[in-house]
2 protein chains.
Amino acid sequence: MELDERKRKILNAIILNYQKTGEPVGSRTISKDAELKLSPATIRNEMADLEEMGLIVQPHTSAGRIPTDKGYRLYVNSLMQKEQLAVRELEAERSELMLKRVDRIEELLIQMAKILAANTNYATMITGPKYSQNKVKFIQLSSMGRGKLLATIVLTGNIIKNSILALNTCVSDDDILQMNIMLNSNLNGLSIAEINLGLITKIKSEAGEHADIASKVIDAIAEAIDSGDGSVPMYTSGTPNIFKYPELTGGDQASELISTLEEKEQLSTIMEYDGGCSDRHDIQVYIGDEVPVESMKNCSVITATYELSEGVRGKIGIIGPKRMDYRKVVDTLKNTMSQLDVIFKNDEQTDMAED
Amino acid sequence: MELDERKRKILNAIILNYQKTGEPVGSRTISKDAELKLSPATIRNEMADLEEMGLIVQPHTSAGRIPTDKGYRLYVNSLMQKEQLAVRELEAERSELMLKRVDRIEELLIQMAKILAANTNYATMITGPKYSQNKVKFIQLSSMGRGKLLATIVLTGNIIKNSILALNTCVSDDDILQMNIMLNSNLNGLSIAEINLGLITKIKSEAGEHADIASKVIDAIAEAIDSGDGSVPMYTSGTPNIFKYPELTGGDQASELISTLEEKEQLSTIMEYDGGCSDRHDIQVYIGDEVPVESMKNCSVITATYELSEGVRGKIGIIGPKRMDYRKVVDTLKNTMSQLDVIFKNDEQTDMAED
DNA sequence: ATTAGCACTCAATCAGTGCGAGTGCTAATA
DNA sequence: TATTAGCACTCGCACTGATTGAGTGCTAAT
């Protein structure tokens with residue numbers, strides 16, 4: 001069966017209409033849609049064909065048609081591009097991000113998720129950046145008195161971690177100074193991969209009687225870098241938005257959806273999946289069954305990757321009903337990503353601090 | 001009308017039964033409830049009286065009775081205590097808290113909220129501690145090179161804040177050392193209230209040509225202490241639990257509840273209210289209309305205050321349907337609070353660090 | 001190739017009905 | 001006098017069947 005221009009137009013009309021109403025759309029509705037001047041009967045014939053091709057279905061006999069996953073896929077892959085017109089309304093998207101003074105990067109990301117949720121009326125999720133690539137930039141030990149040592153570790157990207165080390169021995173201020181110099185000269189500029197056993201042994205021997213301190217500091221470094229590795233933090237926002245889409249709230253669906261959104265574990269399976277395509281702002285679209293989470297099988301998810309600096313990446317995802325406005329979401333995401341780029345290019349070297 | 005012993009027992013039975021089933025409870029049910037051996041007819045007469053007193057109502061003619069807010073209030077205030085028996089099952093509450101290695105206090109609190117939610121089957125919320133009372137313990141400036149200064153501020157309770165300061169002038173290592181000494185000797189042990197304009201002027205003059213740095217450091221201190229002041233962080237957990245109670249999910253209720261739970265702003269009006277009673281573990285019970293949040297008018301909320309150290313307090317709240325198991329929740333909260341006490345008495349001086 | 005017309009399907013709506021849980025009242029009982 | 005049995009009554013709920021209307025597929029006319 002040939003998918004000619006007219007069929008495409010009809011499919012497109014069905015998708016757009018269903019997007020707005022959430023109701024199955026009938027031949028009459030499409031017919032009145034001007035653009036293509038055909039009678040309902042003709043439309044019906046075409047729709048029968050589209051159904052045969054598996055692009056649309058009727059929920060029951062004598063109902064209008066709704067798009068199938070396959071239909072949406074086609075729309076996203078080819079139809080969508082054809083109407084990039086007048087999308088520049090998005091350019092006017094409130095760039096509140098720029099205005100608000102957010103000095104912590106995670107908070108900025110959370111803010112962003114909130115704004116996206118508000119603008120799109122879908123739920124959003126976001127993972128904190130993966131820092132595993134980061135390097136040690138600076139280490140500072142200071143005595144807090146009473147056998148306590150404060151270790152401050154700064155990583156590239158100005159990530160700062162603190163640990164308080166409890167000591168059993170007493171250390172003089174001078175020793176601390178020595179340790180500082182020694183640690184910095186040995187560790188500066190190294191990533192976690194480069195801090196190997198050999199180096200650790202070397203440091204310990206250089207630390208002499210304070211080998212235990214050195215060892216604790218190295219543990220702290222490992223933890224600092226690791227905390228952004230094993231379990232990337234995950235935030236969600238706008239989850240109540242799903243109540244706006246009746247098709248997501250039938251039965252126990254709402255409950256399960258909200259649960260998975262709150263628990264977050266499952267969400268990471270979506271975010272972790274790296275769809276090969278390493279484009280600049282790699283945008284992935286998962287439609288219905290394509291979503292690798294049981295309770296989200298009749299949602300669609302669109303994810304985008306952001307990059308703070310070389311190799312420091314995270315993902316942002318938008319969760320909505322299958323009839324979500326794919327075009328708007330994709331454009332909004334692209335837009336947001338470039339805004340982020342701007343922010344990070346400006347802010348790269350200023351005062352962003354983190355715990 | 002006199003509220004005699006028998007009426008109390010019947011009211012109690014109604015409340016307990018309604019707690020389990022969520023269905024209006026009829027005279028027959030109570031009658032079969034042993035304990036008091038009365039026929040349904042007698043119970044009916046008594047129930048008519050209880051209804052007249054405004055303690056119970058029937059949702060419609062020919063339905064059983066359900067407790068009113070007033071009925072619950074009575075229950076909470078006087079009836080509840082009378083049956084403190086066999087509550088020690090709670091003693092066995094999984095004290096997972098003790099086991100899990102949680103080294104950051106906010107994470108511990110969040111964990112606790114999760115466990116409470118899982119144990120009670122209600123939603124929980126928790127505010128981070130208010131640090132406004134805290135004092136400066138230790139300040140450390142270190143040069144990061146390229147005109148950048150790292151300021152590390154340690155407050156009592158081992159709260160650690162970092163800021164990176166961008167300088168326009170260059171500072172020698174020796175100057176930094178001087179600044180460190182000067183700042184510490186001037187600021188150590190002071191709370192925010194004690195850092196007044198006079199002191200600030202004094203510090204600036206002592207800093208000489210580096211007055212701008214001193215000023216930036218003081219700003220950072222203010223911010224460090226403040227961040228726990230103006231907007232106390234608020235976390236929620238177990239929000240999907242509300243789906244377990246049909247009376248909370250009718251209409252748009254679920255949606256609105258979830259929304260207020262996600263947005264958190266409104267929740268703080270509950271948490272902020274300080275009910276005079278400055279008991280050890282001050283526990284407050286809000287029933288139905290007593291809850292100062294519109295969308296929660298047919299919930300009940302129970303809050304408890306925890307105290308990390310002198311004056312450093314936060315609140316934890318449990319949100320459920322009006323028929324929640326008040327006794328269990330109150331006991332669980334008391335229990336949890338004492339566990340917290342233990343933890344903090346042990347951990348007080350160890351390595352809890354925070355951003 | 002398109003369209004008008006028509007018979008058909010089926011979800012949704014609504015009134016009518018019977019059921020059952022639960023009540024209040026009255027009269028009998030301990 | 002307090003309790004209980006009995007009975008008529010109420011009202012939500014679940015079920016039924018009829019009606020409606022949106023939408024279809026097919027056929028014949030244009």
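Visitor: How do the residues of the surface near DNA strand D divide into nonpolar, polar and charged?
Guide: First, a heads-up: this is a predicted model, where local features need pLDDT of at least 70, side-chain atom pairs count only at pLDDT 80 or more, and totals for chains, interfaces and linings use all residues, while side-chain values use heavy atoms, with hydrogens and water left out. A residue is near a strand if one of its heavy atoms lies within 4 Å of it. Ala, Val, Leu, Ile, Met, Phe, Trp, Tyr, Cys and Pro go down as nonpolar, Asp, Glu, Lys and Arg as charged, and the others, Gly among them, as polar. Sorted that way, the surface near DNA strand D has four nonpolar, 11 polar and five charged residues.

Visitor: Which residues are closest to DNA strand D?
Guide: To find your way around, residues are numbered from 1 along each chain as its sequence is written, with chains lettered from A and ligands numbered from 1 in the order in which they are written. Sugar and phosphate make up 76% of the strand D atoms that come within 4 Å of the protein. Of the 20 residues that surround strand D, the closest are Ser27(A), Arg65(A), Arg6(B), Thr42(B) and Ser62(B).

Visitor: What is the distance from a base oxygen of DNA strand D to the side chain of Ser62(B)?
Guide: Polar contacts are pairs of N or O atoms within 3.5 Å; within protein, one has to be able to donate a hydrogen and the other to accept it, and residues adjacent in sequence count only if both atoms are side-chain atoms. Arg44(B) has a side-chain N or O atom 3.4 Å from a base oxygen of strand D, and Thr61(B) puts one 3.2 Å from a phosphate oxygen. For Ser62(B), the distance from a side-chain N or O atom to a base oxygen is 3.1 Å.

Visitor: Which element gives the most to the surface near DNA strand D?
Guide: Helices (H or I, at least four residues) and strands (E, at least two) are DSSP runs, numbered from the N terminus. Helix H3 (40-52) of chain A and helix H3 (40-52) of chain B each supply at least two residues here. The one that gives the most, with four residues, is H3(B).

Visitor: And over on DNA strand C, what is the distance from Ser27(B) to a phosphate oxygen?
Guide: Strand C has 19 residues around it, and Ser27(B) is among those that come nearest. A polar backbone atom of Ser39(A) is 3.1 Å from a phosphate oxygen of strand C, and a polar side-chain atom of Thr61(A) is 3.2 Å from one. For a polar side-chain atom of Ser27(B), the distance is 2.6 Å.

Visitor: Which element gives the most to the surface near DNA strand C?
Guide: That surface divides into four nonpolar, 11 polar and four charged residues. Sugar and phosphate account for 73% of the strand C atoms within 4 Å of the protein. The element that gives the most, with four residues, is H3(A).

Visitor: How are H1(A) and H4(A) oriented to each other?
Guide: Axes are lines fitted to C-alpha atoms, for helices over the stretch in contact (heavy atoms within 4.5 Å), with angles from 0 to 180 degrees between N-to-C directions. Under 35 degrees counts as roughly parallel, over 145 as roughly antiparallel, 65 to 115 as roughly perpendicular and the rest as oblique. The axes of H1 (residues 5-21) and H4 (residues 69-79) of chain A come within 11 Å and cross at roughly 110°. H1(A) and H4(A) are therefore roughly perpendicular.

Visitor: At what angle do the axes of H1(A) and H3(A) cross?
Guide: Residues including Leu11(A) and Ile14(A) in H1(A) meet residues including Met47(A) and Leu50(A) in H3(A). The axes come within 10 Å and cross at roughly 90°.
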